[in-house]
Structures are given as structure tokens and as C-alpha cells.
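This report describes a predicted model. The sections below go through selected strands, the ligand shell and one helix pair.

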Amino acid sequence: MNANEGTPPEGSTACGGTLFGEDGASPPGVAPELRSVLHDGAPVSPDAIASRFEADGFCFPIPVISETDAAINLNRVIRAEKGGEDRRRLLRSKAHLAYRFIDRLARTPAILDCVERILGPDLLLWGSTCFVKAPGSSSYVSWHQDLNYWGLNSTEEVSAWLALSASTEANGCMRFVPGSHLRGPIAHRDSFEEDNLLSRGQELEVSVDEEETVSVVLAPGEMSLHHGRLFHASGMNRGNDWRVGLALRYITPSTRQVVGVRDFAQLVRGEDRFGHFEEMPRPESDDDYAAMQRFEYVDGVTGSIFFATDPPYRPDDLDDPCDDEDWVEPDMPERGG
Ligand SMILES: O=C(O)CCC(=O)C(=O)O
């Protein structure tokens, strides 16, 4: 099977290689220091991105779409968010199956080029979620590791978090703990806090030293990449504008779903020689009723994965880079209640 040719969103970098800042230039209206270097000061380049990701478990800021495209897509998310619960819930989990604009954003060549450097040439899009914080919203995300509750048997996963609005400390940008992806799976507890944007309000049972954290400040059109075992969180929106990010979850085709009986993913680059995930037709518009029905179907089949008990999930065949000889298992606290 070959990946469908991706259709980049209007006006985005379609060349599949040129990142803003590569030549030292910055997109209009943004301070050069935010645009042309990565979080550690290295110039934005595919090699630097891959090596920072490996060492720190994340990498940002990486400009991938234009400010104009970010604004157009921000409006689409806000329209869906305000369109009632039926429209809003389609923005969660596998939103690319329901909305064409998300399907297209997820195939942006500049995003896939970076992810390919980390995961290799064959890429599946497994998930896509819009994390939306309205102005003044008390929504937040507790400290967690993504892979603990997705039922995937591999750490060959990368999240690309695309800022459609500015993402700042004031409006609740993400925060990362550098190097925490190397600590392996950590126990989580479920809080089911109403304002927590995570499905069960999952939170790490180890404490996080706020001094060690890095704020993921992004301009519209920039993305961050993070590893599925990275400790990350985000605060409330204390600003007057929307804070909206699209989290795109890419995996390799050899990955398996081992909690749910069936799971779905779209081939976005290269080849799938494994067939572990079912593929769905792409939405033809943002009002594609058949696509919305397919989303509901998939959500019904896969929704229980996120509520599977007994985290952290650690199947015997877990393919974890932390399994190397030098890895020392951290003390795992007892799970409460
Ligand atoms: O957008 C946020 O505030 C949190 C996003 C997140 O936890 C994720 O993308 O894994």
C-alpha cells in the first residue's frame, strides 16, 4: 500500500523541505530569536531536530505553516468548537477522520519531513486532537506521559503539536521536562477533574520539579515535537485570546494496538507492510456527513482503549529504548485506590 499524496493546506510550505528560519529569515511579525533557532539555540535543521528530540525528548519551535494558514485553521477549529457538542467532540482523538482541514494539516510536508527524520520513511497518522482553551478558560492538562494510555506496544511514536494560535505562558502553553522520556513508563493516577482536558484526568504519580521545566512558547504556524514518554502538562488560559493547538500523533506501521481489539490509522507517507491498523476514507469536506459517521463508528470501537484500567500499560513485548543495558528502573510508587 502506498500513502495517498498529501495535499498541503492552502499556502503552506509544499516543498517538503524548507523550514522557516533555515536561511536565517523569520516569518513576518515574529522575533527572529523565536524562529530561527531551536530550544537549545541550534539553527533549525532536520538533523538538529532529530538529535534534540533524541536527547531531550522534544524539539521546538519548528515553523511549518504560514501565519495566514494558522489563522484560517484557527477559525475552523473555533467554529467547530462553538458549533455544539456534536461538532466539538469531533475535534478530539481522531479528528482527521471527521474534518478535511485536519486531515490536510496532518499531511503537511514540512511536518512529515521532520517526523520522518525520527521515525523513518513509513508513517501512519494514528491520532489528532485539538486542544482548545477559550480566553480565560480554566482548562488545563496534568503532568502525564501519552503512551501510558494509548494501548500501543511501541515507543515509535511522535506527537507534533501545531500551534494554530500563539501559545504562551500566559495562555497555557505546554511545559516539558527535558530528558524525562528516558525514565520509562511511570505510574499514573486518574483524577477525573472536570477542567482536566485528558480523558480520565491522568496524572503522574511522581512529582515534577517546576524549576526543571521548559515552557513551549510557539508562534502561530510553529510546532513542537514530543516523545510519547515525555513528562508534559499545560496550565490555564489567563489571557484574552484563544489558545489552540492541534496534536498530531504519528506511529510506525510495525506498531500494534494491544489493548483494543481493533484500531485505525491513516498511511500518510511511505508504505504499510504490516496492516496492523485499518484505514478509513479521507473526509471530502469539513461538512462530510459520511466522514462524521465514520468518526462516530471508530470512536465507538476504540473509545474504550482510553479507559482501560491498570495503567501504566507495559506489555511483555514493549519495544522501549529504555530497555537498553544502562537503563535503571526508577522507583515506582504504589498505585493508590
Ligand atoms: O495542548 C495541551 O495543553 C496539552 C497537549 C498534550 O498533552 C499533548 O499533545 O500530548
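## Strand 11 and its partners

Strand 11 is mostly covered, with 8 of its 9 residues buried. Strand 2, which spans residues 123–133, runs antiparallel to strand 11 and is joined to it by 9 bridges. In this pairing Cys 130 stands opposite Leu 246 of strand 11.

Strand 4 also runs antiparallel to strand 11, and 7 bridges join the two. Here Val 158 stands opposite Tyr 250 of strand 11.

## Strand 9

Strand 9 covers residues 222–227; because 6 of its 6 residues are buried, strand 9 is largely enclosed by the rest of the structure. In a regular strand, side chains alternate between the two faces of the sheet. In strand 9 both faces are covered: Glu 222, Ser 224 and His 226 are buried on one side, and Met 223, Leu 225 and His 227 are buried on the other.

Strand 1 (residues 58–63) is joined to strand 9 by 4 bridges, and the two run antiparallel. Pro 63 has Glu 222 of strand 9 as its bridge partner. Strand 4 pairs with strand 9 as well, in the antiparallel sense and over 5 bridges. Within that pairing, Ser 159 stands opposite His 226. Strand 4 thus appears in pairings with strand 11 and with strand 9.

## The open sheet

An open sheet of 4 strands has the order 3-10-5-8, and its pairing is antiparallel. Its edge strands are strand 3 (141–144) and strand 8 (214–215), each of which pairs on one side only.

Strand 3 and strand 10 run antiparallel and are joined by 2 bridges. His 144 has His 232 in strand 10 as its bridge partner.

## The ligand shell

Which residues surround the ligand? They are Phe 131, Val 141, Asp 146, Ser 159, Trp 161, Met 174, His 232, Ser 234, Gly 245 and Ala 247. Strand 4 (157–163), strand 10 (232–234) and strand 11 (243–251) are the elements that give two or more residues to this shell.

By class, the shell has 5 nonpolar, 4 polar and 1 charged residues. Two of its members were met above as bridge partners: Ser 159, opposite His 226 of strand 9, and His 232, the partner of His 144.

## A helix pair

Two packed helices are described by the angle between their axes and the distance between the axes. Helix 2 (residues 46–56) packs against helix 6 (residues 109–119) at an angle of about 50 degrees, and their axes are 9 Å apart. That angle makes helix 2 oblique to helix 6. The crossing of helix 2 past helix 6 is right-handed.

Methods: Residues numbered from 1 in each chain as written. Predicted model: local features only at pLDDT ≥ 70, side-chain atom pairs only at ≥ 80, totals over all residues. Near = placed C-beta within 6 Å. Nonpolar A, V, L, I, M, F, W, Y, C, P; charged D, E, K, R; others polar. Buried ≥ 20, exposed ≤ 12 C-beta atoms within 10 Å, placed from the backbone. Pairing = 2+ DSSP bridges. Axes fitted to C-alpha atoms, helices over the stretch in contact; angles between N-to-C directions. Parallel < 35°, antiparallel > 145°, perpendicular 65-115°, else oblique. Left-handed = near helix turned anticlockwise from the far one by under 90°.
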